[in-house]
Amino acid sequence: MKYKKLHDFIASRQNTPFKWGENDCCFFACDAVLAMTGVDHSVNFRGKYDDEKSALRVVKKAGGIRAIASVALGAEIKPQMAQRGDVVLLEIPKPTLGICTGSVVVAPGENGINFISLDQATCAWRVN
């Protein structure tokens, strides 16, 4: 059931462009986790930013993307241990959160979802 919800979520965002505060990497990852688990880890961040400058300020104040994900999801795992549905951190070239779908990570891009090799991940978090 969890993976069906993930599949449906990804399909629903297939052509949704990147937008700060709505469909950026953090909200994309949080919305995917919400779809799979019913838990919204973004409640403290929704409505707090709407452009790159304000997003960077919010993320910096919270200790960075890696720290935000660790507080929400717990201990990091090695990226090669990531399974379908886990949150993954990429550096492409900036820190970017995405969702593991196997050997590929999905993350929001300018014109919809980008597909990036899991080999580019720097760390991951298990989503139960």
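This section describes helix α3, the largest pocket and the strands β3, β4 and β5. The model is predicted.

Helix α3 spans residues 52-61 and contains four buried residues, S54, A55, V58 and V59. These residues cover an arc of only 135 degrees around the axis, which places them on the same side of α3. The face turned away from this buried side carries K53, L56, R57, K60 and K61, which are exposed. The packing partner of the buried residues of α3 is α4, which comprises residues 65-73. Just after α3, a positive phi of about 100 degrees is found at G63.

Helix α3 also contributes to the largest pocket, where it supplies four residues, the largest share of the lining. The space in this pocket amounts to about 430 Å³. Its lining consists of 20 residues, and those nearest the centre are W20, C25, K94, P95 and T96. At least two lining residues come from each of α2 (25-37), α3, β3 (95-100) and β4 (104-109). Classified by residue type, the lining comprises 13 nonpolar, three polar and four charged residues.

Two of the elements that line the largest pocket, β3 and β4, are also paired with each other. The strands β3 and β4 run antiparallel and are joined by two bridges. Within this pairing, C100 has V105 of β4 as its bridge partner. The two strands form a hairpin with three residues between them. In the turn of this hairpin, G102 adopts a positive phi of about 130 degrees.

On the other side of the chain connection, β4 is followed by a further hairpin, in which two residues link β4 to β5. Strand β5 covers residues 112-117 and runs antiparallel to β4, to which it is joined by six bridges. In this pairing, A107 stands opposite N114 of β5. Strand β4 thus takes part in a hairpin with β3 and in a hairpin with β5. Five of the six residues of β4 are buried, so this strand is largely enclosed by the rest of the structure. Strand β4 nevertheless supplies at least two residues of the lining of the largest pocket.

Note on methods. Residues numbered from 1 in each chain as written. Predicted model: local features only at pLDDT ≥ 70, side-chain atom pairs only at ≥ 80, totals over all residues. Heavy atoms only, no water. Buried < 20%, exposed > 50% of the residue type's maximum accessible area, 1.4 Å probe, protein only. Arc of directions from axis to C-beta. Contact = heavy atoms within 4.5 Å. 1 Å grid on protein atoms, 1.4 Å probe; cavity = no way out; pocket = protein on both sides within 12 Å on 5 of 7 lines; lining within 4 Å. Points joined across faces, edges and corners; volume = space filled by probe spheres on them. Nonpolar A, V, L, I, M, F, W, Y, C, P; charged D, E, K, R; others polar. Pairing = 2+ DSSP bridges.
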